[in-house]
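Me: Could you walk me through this one and explain the reasoning behind each label? I like to see the cut-off next to the value.

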Amino acid sequence: IASERVASNSPKWRNSLKLREEQALYFSTLIYKELEPVFPNVANRRYVYSKFAICFSGIANDYEFKAQLVARYNILDSLKFPDHKSFSKSDIRRIVKSANHQPEAVVITTEKDSVRLIRNKWLPEEIKERIFYLPVESRIMANDNEYIPIPHIGQILMEEFLEPLGI
């Protein structure tokens, strides 16, 4: 992916960051996509059209995540977990309790946290149809009005690290 990266030569930024000549400077942004089901085989997409949502996250700074949701939904409950948290039985109980109190609400998490839910043995089947995640796409700025999409981190891992090792 290195060939797709375009460096910014802005002296203002380079000077303020005290970059050396050989260091490249890149600007990026996140693009929030439409909700995707965590469990596609049982998802009930009608929940996406609800006016109400319950959200939960285990990321360090969930401000932008919540800001995106507030623009679309009336947030009835927001549960915050520590960064990199594996969801325990107690955590899942908190999520389920909140969801059961708001049966019309979609349950939304981050893309990162959705991965931790897929194999969670404490998540009841009846709640899986309501759980969706908010996908994000990273983009690197090519110029003032143009962005270059960054491949999914899994693709980068495979291409840059695992394939050369024959794994």
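**Charges, rings and burial**

Reply: Happily, and here is a place to begin: Lys128 has its charged end over the ring of Phe39, 4.9 Å from the centre. Please keep in mind that this is a predicted model, in which local features need pLDDT of at least 70, side-chain atom pairs count only at pLDDT 80 or more, and totals for chains, interfaces and linings use all residues. Residues are numbered from 1 along each chain as its sequence is written, and side-chain values use heavy atoms, with hydrogens and water left out.

Me: What makes Lys128 count as sitting over the ring of Phe39?

Reply: A charge sits over a ring if NZ of Lys or CZ of Arg is within 6 Å of the ring centre and within 35 degrees of the ring normal. The value for Lys128 and Phe39 is 4.9 Å, so the distance part is satisfied. Arg46 also lies over a ring face, that of Tyr47, at 4.5 Å from the ring centre.

Me: Why is the pair Phe56 and Phe81 called edge-to-face?

Reply: A pair of aromatic rings is described by the distance of the centres and the angle of the planes. Rings of Phe, Tyr and Trp (its six-membered ring) pair if their centres lie within 6.5 Å; planes under 30 degrees apart count as stacked, over 60 as edge-to-face and the rest as tilted. The structure holds three aromatic pairs. In one of them, Phe56 and Phe81 are 6.4 Å apart centre to centre, with 90 degrees between the planes, so both conditions for an edge-to-face pair are met. Phe56 lies in strand E3 (residues 52-57) and Phe81 in the loop between E4 and H3, so this pair ties together parts that are 25 residues apart in sequence.

Me: How do you know that Phe56 and Phe87 are edge-to-face?

Reply: Their ring centres are 5.7 Å apart and their planes stand at 80 degrees, so that pair is edge-to-face. Phe56 in strand E3 and Phe87 in the loop between E4 and H3 are 31 residues apart, and the pair links distant parts of the chain. Phe56, Phe81 and Phe87 form one aromatic cluster. Phe56 and Phe81 are both buried, and Phe87 is buried as well.

Me: Why is Ser98 called buried?

Reply: Buried means under 20% relative accessible area, exposed over 50%, partly exposed in between (1.4 Å probe, protein chains only). Ser98 has 6% relative accessibility, so it counts as buried. Ser98 is found in helix H3 (helices are DSSP runs of H or I with at least four residues, strands are E runs of at least two, numbered from the N terminus).

Me: Which residues is Ser98 in contact with, apart from its neighbours within four places in sequence?

Reply: Those are Ile54, Asp77 and Leu79, where contact means heavy atoms within 4.5 Å. Ser98 and Asp77 are 21 residues apart in sequence and 7.1 Å apart in space, C-alpha to C-alpha.

Me: What makes Lys18 and His84 exposed?

Reply: Lys18 has 71% relative accessibility, so it counts as exposed. His84 has a relative accessible area of 56%, so His84 is exposed too. Lys18 is found in the loop between helix H1 (11-16) and strand E1 (28-32), and His84 in the loop between strand E4 (74-80) and helix H3 (89-101). Neither is a glycine, yet Lys18 has a positive phi of about 55 degrees and His84 one of about 65 degrees.
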